[in-house]
Amino acid sequence: VARPTPTVRRVGSLAVRVLVVALVLLAGYHGTTGSFVAADAGWTLVRASNPDPWGQFRRSQMEYIRAEFYRQVPVTTTIYVADKDSLWAQRLVEFAAMGRYRLVPEHDADVLLYVDKAPEFKYEVRLRVVDQR
Amino acid sequence: VSSLIAVVVVAGSGLPMAYAVTRRPALALLLGPLATGLLASVAMFLMLLIGGNLLFWGAALVVSQGVLIWKLRGRAGSPLPQGSWVTVVAFTAPLLLPFMIARFQPIEWDAHSIWWLHAAYFSHDAGYARAALGAPAFWFSHPDYPPFTSAPIAAVWELLGDYDFRVAQVVSALTTFSAIGLLVYAVRRVTAAAPAPVSWFVAVGVGYVTWDPAPYSVTNGLNDALWAAAFGAAATLLLFDRRPLVDQALPVVLMAVAVLSKNEGFVMAVVLAAIVTVRERRDLVRTVLVWIPVAVGAVWIALARFFGAQSDLAGGARFDALVHGDVGTRLQTIVDAMWVEIGVVAAFAAAAAVVGGTFLRQRRRDFGLPSDGWLWAVNASYFAVLILTYMITPYGLDWHLVTSVERVTILNLLLAGVSAAGWAAVAIGPRGAGADLPGASAFDRRDTVRTVGRRPAVRTLLADVGFGAVHRGRAAGVVAGPLARPDRVQGS
């Protein structure tokens, strides 16, 4: 077998290096699309006068329900989150922890908490506190 | 205003520790939020163990780290390479573009249901936190998940006296940004022998990969990107750096961040520590440090168990799914779902690694880059961990995959990206045609000698984390290290 000449080896080495760089660029092209999506979405958000209106609505709902919770339920009350909708059940537990409330089993609780939903309510939600003392 | 205060507190509280680790102001600023997160996590451990509240222990730790580091300031430490202001700003600034997505409202489901809920029950006092960990009402939120993400939020909320969702998101985004920045730093450092623009390009590229599978998840209160980037940075520094066990402080800190962020982080820290130990078996004493994060993770697991926190997997794992039923179908479903997220990128990166490993091995050695085989071993281990996790999931498999697979595969992509970045740098080559010490540029300003001889183990370890008394210069008892040996030069 004839040994490759230095020129052939140099060309071969260059070809391999180009191939490796090309493969890495392809990996990079496919692997960084998300960052461009994020940058694009982020730029839109930064420029918009009312960015993320749906997110703003959901946040307003949460902050409204939380404020109602603390207004209607004294912190010494033992509570049970009875709502079955996992979004609001989990939010009520979160707000209870923020407010340092005691969460207890249903039959021990002073009050049961629900979130009702209807278009006519403020932010389309309403806290319902059922006293079972 | 609250968000601004949060930024200052989170960036600033851990600065002394961050500076001790890096000895570079620019890198310290980048590492600051993660150092603060670690201090807050340790404060949480102390609160759970001893009592009191998070703010008290946090303040105590911030003050004592300052005093400790002031006491240790006389020790010769060496600044980390590639840590100048220009270098750090150059690779950090491009990350701000995708980071803008942090403007989304703070409404992510898992952010509220897991991390901010945990922050809420950690923010009052030891009594409430201990009770919450074992309370059935909180089980849906996985109280056994580690505290790194929640602890600094809890501390800032307590400090401000207000449970602002936006503040929580800002704290979370800041720690995540810090982790991604350090991943980029790690890649920039190991590829520093390449021309600076090439090293910069591949490093920023790897950072951008963090946003790939799930752009919304990076800066909006979730921590999948945080732990993956921190772990990826640690793995890069420990397995892909020319001198992996010198200056272990930064990778050890990053491992601790990963361990205290996610349960997968603990599993993978055990894998990484084991791989480092096997790889550096001739120098076992030096590998002790990488087990510290594992120990820290074990402390959290013990605490969580002690206070009754339930683990969804350990508690409800269906190991029977591994032997009974449609094992093949489940496996196929899992692999298919993961392929969608990582397949193309991993395939191109693996192809680059195979071609490079076959034809450019000598060139890689001349460049000063270790084999990427270890990184792929970590990557494969994580792949296996994910498959096992999904196989034994107590939830419906389809639901579990749909809700998580795009976020949990970030680490696979990052590790593939680090390997690819290394090969691109090797293929393009060291900077300057006549660079007679390829790779040396990565360690300019650093010691080119390595201490050996009969030093007590403790002092060896102190030196490794940057507190060495004899670490630099021509002190007696040192011999020429790897950089003093003229390496084979490409083309010579």
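This dialogue walks through a sheet, an interface and some salt bridges in a predicted model.

Visitor: Where should I begin with the sheet of chain A, and in what order do its strands lie?

Guide: Strands of a sheet pair through backbone hydrogen bonds, in either the parallel or the antiparallel sense. In chain A four strands form an open sheet in the order E2-E1-E3-E4, and the pairing is mixed. Its edges are strand E2 (102-103) and strand E4 (125-131) of chain A, each of which pairs on one side only.

Visitor: In which sense do strand E1 and strand E3 of chain A pair?

Guide: Strand E1 (residues 78-81) and strand E3 (residues 111-117) of chain A pair in the parallel sense, over three bridges. To place this register on the model, take A:Ile79, whose bridge partner in E3(A) is A:Val111.

Visitor: Which strands does helix H3 of chain A touch as it packs on the sheet?

Guide: Helix H3 (residues 53-72) of chain A touches E1, E3 and E4 of chain A, and its direction makes about 25° with that of E4(A). Helix H4 (residues 86-98) of chain A also packs on the sheet, touching E1, E2, E3 and E4 of chain A, with a direction that makes about 130° with that of E3(A).

Visitor: Turning to the interface, what area is buried between chain B and chain A?

Guide: The size of an interface is often given as the accessible area lost when the parts come together. Between chain B and chain A that buried area is about 4,200 Å², of which carbon and sulfur atoms give 73%, while the contact takes 50 residues from chain B and 49 residues from chain A.

Visitor: How many residue pairs are in polar contact across the interface of chain B and chain A?

Guide: There are 16 such residue pairs, counting those with both residues at pLDDT 80 or more. On the side of chain B that touches chain A, H17(B) gives the most, with nine residues, and the residues of that side divide into 38 nonpolar, six polar and six charged.

Visitor: How many salt bridges are there between chain B and chain A, and how many over all chains?

Guide: The count between chain B and chain A is two, and over all chains it comes to 16. A:Arg100 forms a salt bridge with B:Asp125, the closest N and O atoms being 2.3 Å apart. Within chain A, A:Arg126 forms a salt bridge with A:Asp116, where the closest N and O atoms are 3.8 Å apart; this pair links A:Arg126 in strand E4 with A:Asp116 in strand E3 of chain A, 10 residues apart.

Terms used
Residues numbered from 1 in each chain as written. Chains lettered and ligands numbered in written order. Predicted model: local features only at pLDDT ≥ 70, side-chain atom pairs only at ≥ 80, totals over all residues. Heavy atoms only, no water. Pairing = 2+ DSSP bridges. Helix = DSSP H or I, 4+ residues; strand = E, 2+ residues; numbered from the N terminus. Contact = heavy atoms within 4.5 Å. Axes fitted to C-alpha atoms, helices over the stretch in contact; angles between N-to-C directions. Buried area = accessible area lost by both parts, 1.4 Å probe. Salt bridge = Lys/Arg side-chain N within 4 Å of Asp/Glu carboxyl O. Polar contact = N/O pair within 3.5 Å; in protein donor to acceptor, adjacent residues only side chain to side chain. Nonpolar A, V, L, I, M, F, W, Y, C, P; charged D, E, K, R; others polar.
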